[in-house]
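Please consider the structure shown below. A short report on selected backbone and core features accompanies it.

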Amino acid sequence: MRHLLPPAPPEPAPLRWLGELVDWSIVLLGAALVVIVFANVVMHQLDYDIAWTTEFGEFVMVWTTFLGAAAAARRRGHMAITEALELAGEGSGGRLLRLAIDCIVVVVLGVLVWYGAVIVQASWGNILTVLDWPMAWQYMALPAGSAIALVYVLRDVVARLRGQDLEAAVENVS
Amino acid sequence: MIMVFITLTFFALALAGIPLVYALLLTTFTTLWWYGLTHPLETILLTYIGGVEPFVLIAVPLFIVGGELISRGGVGRRIVAFAHTLFGFLPGGLGVVTVFACLLFGGVSGSAIAGSAAIGTVMIPAMVERGYSPAFAAALVAVAGTLAVIIPPSIPMLVFGFVSGASVRDLFLAGVVPGILFGIGLMLLCVRYGIVTGCDRGGERASMREIRAAFVAAFPALLMPVIILGGIWFGIFTPTEAAAVAVVYGLFISMFFYGDIGWRELPALVLRAFTTSAVVMVVIGATAALAWVITVEQVPLMVTEWVREVTDSKWMFLLLANIAMLLLGIFIEPLPALILSAPLFVPLAMAYGVDLVHLGLIMTCNLAIGLYTPPVGGTLFVAAKLAQVGIGKVSYALIPMFVVTLVVLFAVTYIEALPMGLVWLLR
């Protein structure tokens with residue numbers, strides 16, 4: 001099944017399994033989103049509205065976004081201004097800068113995981129109006145996605161500490 | 001003062017190369033800590049989640065999937081063939097065909113880079129073979145490709161509609177006339193190039209039968225914008241639902257009608273589109289978190305008052321806004337630039353009585369120009385790579401095109417009826 005997905009950097013098997021799990025989850029959630037929204041368009045023509053489309057759509061959107069952010073972290077594909085990195089070059093200055101950036105990102109992701117978990121714990125009591133699911137399920141996307149992203153940034157930190165040169169981003173936007 | 005602190009912190013972090021989403025979040029955290037603000041971090045992170053949640057934003061990944069489905073494979077080639085039967089006879093005809101194909105392609109896809117790649121792959125070799133300089137061919141494709149974000153559907157306009165609250169339907173309407181004007185300006189430039197250099201005096205005029213055959217081959221692709229935009233404008237579906245319709249239609253056309261795409265290509269295509277959109281979404285969410293702090297601290301109010309002291313005139317404000325956005329567009333890609341600057345421009349525009357739809361259009365045009373302004377830019381890179389010429393040579397060839405696009409930009413900025421006429425008519 002792997003050859004059906006876009007390439008990812010070389011990594012140990014468990015990280016690859018995690019990455020593929022994330023990738024396939026995004027594909028399935030994305031496909032579900034298309035089906036639900038399109039089904040609702042068809043239903044509108046029949047003067048019928050699927051009441052949970054909006055809530056379910058937003059639920060899926062939150063999950064695909066934070067899982068997608070993790071998939072992007074795995075492929076080093078987040079949007080960044082890269083001119084300074086290019087100026088710094090491949091020498092020791094450039095390596096140090098790249099390592100420092102990854103370490104800062106680790107801290108930010110750590111904050112997201114920690115406070116994301118706090119938010120999840122506080123929102124088991126809030127229930128989505130139509131779907132009747134606890135809000136915690138939706139908010140869980142933030143700490144979960146950030147934790148997975150954290151794994152891949154740590155993978156890069158380890159690789160850099162071992163003196164490996166990592167290729168820049170695999171994909172780009174707009 | 002807090003605005004200066006936020007701006008300096010953010011730019012220091014972002015220019016160092018920290019991914020924008022993390023730079024924004026870190027700026028938010030640092031600001032809270034530095035100023036000893038007591039807003040709970042949970043509230044701010046809830047704003048971060050809330051920033052990516054809205055139903056309208058689902059349109060972004062879906063329009064990317066739809067555009068990808070239809071632009072893979074042979075649609076670019078068929079659109080070019082159709083454009084060629086219409087305009088191939090003109091002097092500089094291949095250039096005119098390139099521009100017209102980009103216009104049509106813009107109605108199918110909302111991404112400038114996809115436009116440059118799909119049309120450039122076919123047209124750059126054809127132009128070079130005919131004797132156009134590779135630098136001119138590359139420059140033309142770099143500029144014309146950005147018509148895709150001005151002609152609806154447009155991903156930057158969708159995002160602007162969300163961050164500003166302006167109607168996406170009206171934004172899409174506002175893009176039609178300016179997109180065509182940019183196109184006409186570029187076509188005239190090509191005709192002139194064809195006459196002056198003598199490399200392309202125009203081919204045979206196509207017969208009605210040839211035109212009809214090319215039209216029929218391209219018809220299913222050309223029908224897509226009609227369905228999407230018609231559906232939105234006549235209120236049959238919302239922009240979000242239109243995006244889902246675009247996916248289903250694109251799937252039908254590319255898999256069953258043209259047979260350009262197989263099932264096995266779908267997972268990677270969907271994953272790429274959703275990852276691309278997720279990367280944009282988290283920046284939107286992080287901007288929402290920072291904007292929350294900025295708004296609670298009443299910063300936009302202060303900035304608005306400060307700019308109003310500089311000038312009272314709406315026209316002067318628009319000029320300053322254009323210059324600021326052109327500069328921003330040189331350094332930052334359109335989507336992040338739009339997301340970052342909209343929270344400041346929107347209250348200003350309201351204070352000066354500028355219609356938000358008009359502002360959104362002006363911002364999109366400016367940032368599109370940033371896509372091919374040297375030394376960096378998405379379509380610039382794609383086109384230069386396709387033509388295998390250096391950025392320096394392309395930059396020189398870009399000069400006359402800059403003149404044309406700046407003239408059109410100022411026309412759509414200062415003659416409000418050009419972009420807004422259709423909007424007023426159908427509002």
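The report turns to unusual backbone geometry and then to the nonpolar core.

This is a predicted model, in which local features need pLDDT of at least 70, side-chain atom pairs count only at pLDDT 80 or more, and totals for chains, interfaces and linings use all residues. Residues are numbered from 1 along each chain as its sequence is written, chains are lettered from A and ligands numbered from 1 in the order in which they are written, and side-chain values use heavy atoms, without hydrogens and water.

Most residues other than glycine have a negative phi, and most peptide bonds are trans. The table lists two residues with a positive phi; helices are DSSP runs (H or I, at least four residues) numbered from the N terminus, and exposed means over 50% relative accessible area (1.4 Å probe, protein chains only).

| Residue | Phi | Loop between | Relative accessible area |
|---|---|---|---|
| A:Asp47 | near 60° | helix H1 (13-45) and helix H2 (53-74) of chain A | 75%, exposed |
| B:Gln388 | about 55° | helix H19 (378-387) and helix H20 (391-414) of chain B | 73%, exposed |

A cis peptide bond, with omega about -10°, links B:Pro152 to B:Pro153. B:Pro153 sits in the loop between helix H9 (147-150) and helix H10 (155-164) of chain B. B:Pro153 is also in contact (heavy atoms within 4.5 Å) with B:Phe63, whose other partners beyond four places in sequence include B:Ile155, B:Leu158 and B:Ile228.

A nonpolar core is a set of buried (under 20% relative accessible area) Ala, Val, Leu, Ile, Met, Phe, Trp, Tyr and Cys residues joined through side-chain atoms within 4.5 Å. The largest has 216 residues, and B:Phe63 is among the members that touch the most others, as are A:Phe66 and B:Tyr48. Helix H14 (residues 266-296) of chain B gives the most to this core, namely 17 residues.
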